[in-house]
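Here are some notes for a colleague who is opening this structure for the first time. Please keep the sequence and the 3D view at hand while reading the points below.

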Amino acid sequence: MSKIKVMDTILSNKIAAGEVVERCSSVVKELVENAIDAKSTIIKIELIDAGTKLVKVIDNGIGMEKEDAVICFERHATSKLIDEEDLYRIETLGFRGEALPSIASVSKVDLKTSTGGVGTNVKIEGGKIISIDSCDARKGTIIEIKDLFYNTPARLKHMKSLYTELASVTDYINKLALSYPEIQFVLKNNNNIILNTDGSGNKLKTFSSVFGMNTTRKMVKIEGENDDYYVEGYISLPEIQRSSRNHMIIIVNGRIVRNTELNRTINDAYHGYKPDNRYPIVMINITVDPSLIDVNIHPTKMDIKFSKFEALNDLIENLVRNALKPKTLIPEVKEVEEIDYEREEITINEDFIVKEPVIKYEELTLDLSREESTIAKEPKKEETANIKRLPELYPLAAAFNTYIICQNEKGLYLIDQHAAKERINYEIVLKKLNDNNEKKIQLLFPITIELTGSENIILKENLELLKNMKFDIEEFGINSVIVKSHPAWLTRFNEEKAIRKIIDLVIEKEKNFDLSKFQDHVAATMACKMSIKAGDKITIEEMENLINDLRKCENPFNCPHGRPTIIFYSINDLEKLFKRSGFDNKK
Ligand code: ZN
Ligand code: ZN
């Protein structure tokens, strides 16, 4: 294939994708990436109405000489410009160089640029050069794109809402800022600051500019390596939850990439600590020999494939699990008084910002300044298994026959009695499902279960599964089965209902069957049914037993569905809430 052909293919793909200048975010992307290429250390992006009226990018990069300032708006589809270097750029940075002329053809452009000497000012409207003058300019480039799509109103109409446009730009700049912590990024819309990073190169500081101090305080450091990969970064405590995977950021050799499998692995490593359909915030930097990765660049995303993926996957999964394992994960109820210093003096157009929910929970022990290191080069699996992660607690009573009120020297705790008991039963059932010595209980009166024809067909194929779970189950007449014995753990409630439920779970099971996920689901469902409910009255002694059993759990902090079992009010915060922390606090 000739080079021109290659170019044609890429170009036509790109145009087919409709991404050359489809949206404000593609304009911002092009201009900001040019600024990065120009070795800028400060990049300011100013938008009016999400960029529809104005996109202005100011950088302190190397600037352009006069000829380049003019030529960059011309389509260079001639063969002489397509040399090896251009092809390299296409491969490494995505297709570039065609976007500027496209942008210029649908907007009014005002470019001021200087390499240090006399500057150049180029003005273009609808793709036609209006003027080329010299001007005063400091080193760097200021480019203004006004009235995007003013001459193609159909496209303007096609654009999503201003909110969506701004959200997309913000998301993109946030991610760029995270992958280039040594560049200062300022993003404004209608003169309100949305992002302002310090360009110090400090990843955590940049992170806090993007996500805020409260979230940053709840990040846990991870670090580890294997023969091929070095991984370091921050993962959020399970109480930080988002509705999308969008804040799971993976940076490989300094570039943000996408890898669905890694996202899934990370989310799976949180299993049991939060609902599976809520996602953590993570920022993970992976350093690897470039020959081990295969990057596929699309106009809007960068998909990546890793060689030796299994090993990388295991490494990251272990790092996340081991980082959470030794932590006390009791959400702390706080008086909300923290000031977000990063954002204090700026007015933010509230409508446009992807806001943090008001988080009142604060993790008990984590404080970045005295955070224990969770560096795990060779994670040891059972190391922390016997450490009691829940402190000793003394129950006082149960409010609404639902929340057990407890205290110790640190403060006040509320335990959700159903969630706690559910966790205890879940861990018991899960163990027994995997225990070959689990006893069977012979039923005095075998239970017959009627099924529909299709249910019967699915169940017949899966009878082994039930037999492995210690059920004696056989076909019985047309479309029904008979159960003659069941595992011993299943005794505490209505057996027939429970057996029917388990059969339902077998029938509903997913196509890509995963035994451990299935067992997990069975254990969680059964634990819910076996456990005391909210509103059930229990004695103090029963509360004590429940707390003791909870303390023995591998994860005492969440029910099997990821809800918290316990929350905490520190004495300190109680004093603050009652305003006792002042001069008369001893009265
Ligand atoms: Zn439940
Ligand atoms: Zn639950």
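How exposed is lysine 205, in terms of relative accessible area?

1. The structure discussed here is a predicted model, and lysine 205 is a convenient place to begin. Its relative accessible area is 44%, so lysine 205 counts as partly exposed. The side chain of lysine 205 meets that of aspartate 198 in a salt bridge, with 3.6 Å from N to O. Aspartate 198 is likewise partly exposed, because its relative accessible area of 37% falls between the 20% limit for buried and the 50% limit for exposed.

2. A search of the whole structure gives 21 salt bridges. Side chains of opposite charge can pair when their charged atoms come close. One group worth viewing is the network of salt bridges that links Lys56, Glu144 and Lys146.

3. Another salt bridge joins aspartate 147 to lysine 108, where the closest N and O atoms are 3.3 Å apart. This pair connects distant parts of the chain, since aspartate 147 sits in the loop between strand S6 (140-146) and helix H6 (153-158), while lysine 108 belongs to strand S3 (residues 108-114), 39 residues apart. Aspartate 147 has a relative accessibility of 27% and therefore counts as partly exposed, and lysine 108, at 26%, is also classed as partly exposed.

4. Towards higher residue numbers, the reader may turn to an open sheet of three strands in the order S21-S23-S22, with antiparallel pairing. Strands S21 (440-450) and S22 (472-475) are at the edges and have a single partner strand each, so one side of each lacks a neighbour in the sheet. From one strand to the next, the twist averages 15°.

5. Within this sheet, S21 and strand S23 (residues 480-487) run antiparallel and are joined by seven bridges. Isoleucine 449 is found opposite valine 481, which lies in S23. Strands of a sheet pair through backbone hydrogen bonds, either parallel or antiparallel.

6. Which helix lies across S21, S22 and S23? It is helix H15 (residues 495-508), and this helix runs at about 65° to S21.

7. Helix H15 also takes part in a salt bridge, in which the side chain of arginine 500 meets that of glutamate 455 at 3.5 Å, N to O. Glutamate 455 is in helix H13 (residues 453-461) and arginine 500 in helix H15, so that the pair links distant parts of the chain, 45 residues apart. Arginine 500 has a relative accessible area of 24%, which means that this residue is partly exposed.

How values were computed:
Residues numbered from 1 in each chain as written. Chains lettered and ligands numbered in written order. Predicted model: local features only at pLDDT ≥ 70, side-chain atom pairs only at ≥ 80, totals over all residues. Heavy atoms only, no water. Pairing = 2+ DSSP bridges. Helix = DSSP H or I, 4+ residues; strand = E, 2+ residues; numbered from the N terminus. Axes fitted to C-alpha atoms, helices over the stretch in contact; angles between N-to-C directions. Contact = heavy atoms within 4.5 Å. Salt bridge = Lys/Arg side-chain N within 4 Å of Asp/Glu carboxyl O. Buried < 20%, exposed > 50% of the residue type's maximum accessible area, 1.4 Å probe, protein only.
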